[in-house]
Each structure stands twice: as C-alpha cells, then as structure tokens.
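Below is a short note for a colleague who has not yet looked at this structure. The points are numbered and can be read in order.

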Amino acid sequence: MAIINWTEEYSVGVKELDHQHQNLIAIINRMYALYKDNKFAKTEAEPLFKELFDYADYHFGTEEHYFQIYNYPTKDEHTDIHNQYRTKMQGFKDRYDAAPSPEILFEISNFLNEWWIWHINNTDREYTKYFNANGLV
Ligand SMILES: [Fe+2]
C-alpha cells in the first residue's frame, strides 16, 4: 500500500512540476514499501536513497531555474527551504548508514510524506499564480 497517492488537489498548476512531484511520490512509496517488506539492508535501500537524493536535486534544480528565469520574488526563502530539506535528509541518511533498521526507514517515509505534502500544498503553491502569469503552465 502506498503512503501517498498524488491527486489533482496536489497540483501546482505547472505540468512539468506536477509530473516531477508524481515521480518523487513514486520513489517515496517505494521507500515505504521497503519498510513494509522489512527490506532495510543496504543492498536494498542504498540504490533507492541514491535515486531519491538525485531526483530531489533534479526537481529542486528545475524549480530554482524557473525562480531565476522569472525573477520569482521569494526565490531565496523558497531555496532556503529546499536546502533545509537536503540537510534534514542527509541527517537521516547518516543515521541509516550508522545503523540500518526498519524503524529508520519508517521514520524517513513519514518525514517524506509530511514534508512533501506540506511543501507542495503550501510553499510550492505560492508560485502557481506567478508562474502561470509568466506563461509557465
Ligand atoms: Fe519547492
């Protein structure tokens, strides 16, 4: 069972970014499935961590690129929030590396669920009108 299901209510009004959010949610659901299936060993989780970190960087990079192009007024605040996420996730990863366990995968899945849903519905949604007005849909 998935921990998150993307629905239209999570749309930020930009197709490319919605698509990236859907891909991120799919990775998070696979992380949760590792916990559910008790597959917490590094051989199982390491490639997924890499995918999650790389895809989040790619996605933040896309948003931050548009912040620059369209001179988005709160680009610095929004970028700071992305960087706080990176720091938080690195902390989780360090804890996992030191002691892999189902509990830490559960904790990470819950954090990811809460963080991304909140971020999409609040921080990201703040750019919808601005991006749409600049022709980014
Ligand atoms: Fe964002």
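1. Helices, as the word is used here, are DSSP runs of type H or I with at least four residues, numbered from the N terminus. By that definition, His21 belongs to helix α1. The model is a predicted one, and every value in this note is to be read with that in mind.

2. Overall fold. The protein chain contains five helices and zero strands. In sequence order the pattern is α-α-α-α-α. The radius of gyration is 16 Å, close to the 14 Å that the globule rule gives for 137 residues, so the protein chain is as compact as a globular protein of that length. Its C-alpha trace spans about 45 × 25 × 20 Å along the principal axes.

3. Burial and surface. Of the 137 residues in the protein chain, 44% count as buried. The exposed area is about 7,300 Å², and carbon and sulfur atoms supply 53% of it. Among contacts with a separation of 6 or more, 76% are between residues 24 or more positions apart.

4. The iron site. Which residues are the protein donors of the iron ion? They are Glu63 through OE, His78, His82 and His119 through NE2, and Asp124 through OD. These donors lie 2.1 to 2.3 Å from the iron ion. Along the chain their spacing reads E-x14-H-x3-H-x36-H-x4-D. Two of the donors show how the site joins distant parts of the chain: His82 is in helix α3 (residues 75-98) and His119 is in helix α4 (residues 102-123), 37 residues apart. Both of these histidines, His82 and His119, are buried.

5. His21. With a relative accessible area of 0%, below the 20% cut-off, His21 is buried. Leaving out residues up to four places away in sequence, His21 touches Trp6, Val12, His59, Glu63, Trp116, Ile120, Asp124 and Tyr127. Glu63 and Asp124 in that list are also donors of the iron ion.

6. The nonpolar core. In soluble globular proteins, nonpolar side chains tend to be buried together. Here the largest nonpolar core has 39 residues, and those with the most contacts inside it are Leu52, Tyr85, Met89, Leu112, Trp116 and Phe131. The elements giving two or more residues to this core are α1, α2, α3 and α4. Leu112 gives an example of the packing: apart from neighbours within four places in sequence, Leu112 is in contact with Ile28, Met31, Leu52, Tyr85 and Met89.

7. Aromatic pairs. A pair of aromatic rings is described by the distance of the centres and the angle of the planes. The count for this model comes to 23 aromatic pairs. In one of them, Tyr70 and Phe131 have ring centres 6.0 Å apart and planes at 55 degrees, so the pair is tilted. This pair links distant parts of the chain, with Tyr70 in the loop between α2 and α3 and Phe131 in helix α5 (residues 128-133), 61 residues apart. Are these two residues buried or partly exposed? Tyr70 is partly exposed, with a relative accessible area of 21%, whereas Phe131 is buried at 0%.

8. A stacked pair. Tyr85 and Phe111 form an aromatic pair with 6.2 Å from centre to centre and 20 degrees between the planes, and the pair is stacked. Tyr85 is in helix α3 and Phe111 in helix α4, 26 residues apart, and the pair links distant parts of the chain. Tyr85 counts as buried at 4% relative accessibility. Phe111 is buried as well, with a relative accessible area of 15%.

9. An aromatic cluster. Ring pairs link Tyr66, Phe67, Tyr70, Tyr72, Tyr127, Tyr130 and Phe131 into a cluster. Tyr127 in this cluster also appears among the residues that His21 touches.

10. Backbone points to check. Where are the positive phi values discussed here found? Asn38, which is not a glycine, has a positive phi of about 60 degrees, and Asn38 sits in the loop between α1 (15-36) and α2 (42-69). Asn71 has a phi near 50 degrees, again positive in a residue other than glycine. Asn71 lies in the loop between α2 and α3 and, at 49% relative accessibility, counts as partly exposed.

Key
Residues are numbered from 1 along each chain as its sequence is written. This is a predicted model: local features need pLDDT of at least 70, side-chain atom pairs count only at pLDDT 80 or more; totals for chains, interfaces and linings use all residues. Side-chain values use heavy atoms; hydrogens and water are left out. Donors are N, O and S atoms within 2.8 Å of the metal (3.2 Å for Na, K and Ca); water is not among the atoms, so sites may look incomplete. Buried means under 20% relative accessible area, exposed over 50%, partly exposed in between (1.4 Å probe, protein chains only). A nonpolar core is a set of buried Ala, Val, Leu, Ile, Met, Phe, Trp, Tyr and Cys residues joined through side-chain atoms within 4.5 Å. Contact means heavy atoms within 4.5 Å. The radius of gyration is taken over C-alpha atoms; the globule rule is 2.2 Å times the number of residues to the power 0.38. Accessible areas come from the Shrake-Rupley method with a 1.4 Å probe; for residues, only the protein chains shown count as cover. Rings of Phe, Tyr and Trp (its six-membered ring) pair if their centres lie within 6.5 Å; planes under 30 degrees apart count as stacked, over 60 as edge-to-face and the rest as tilted.
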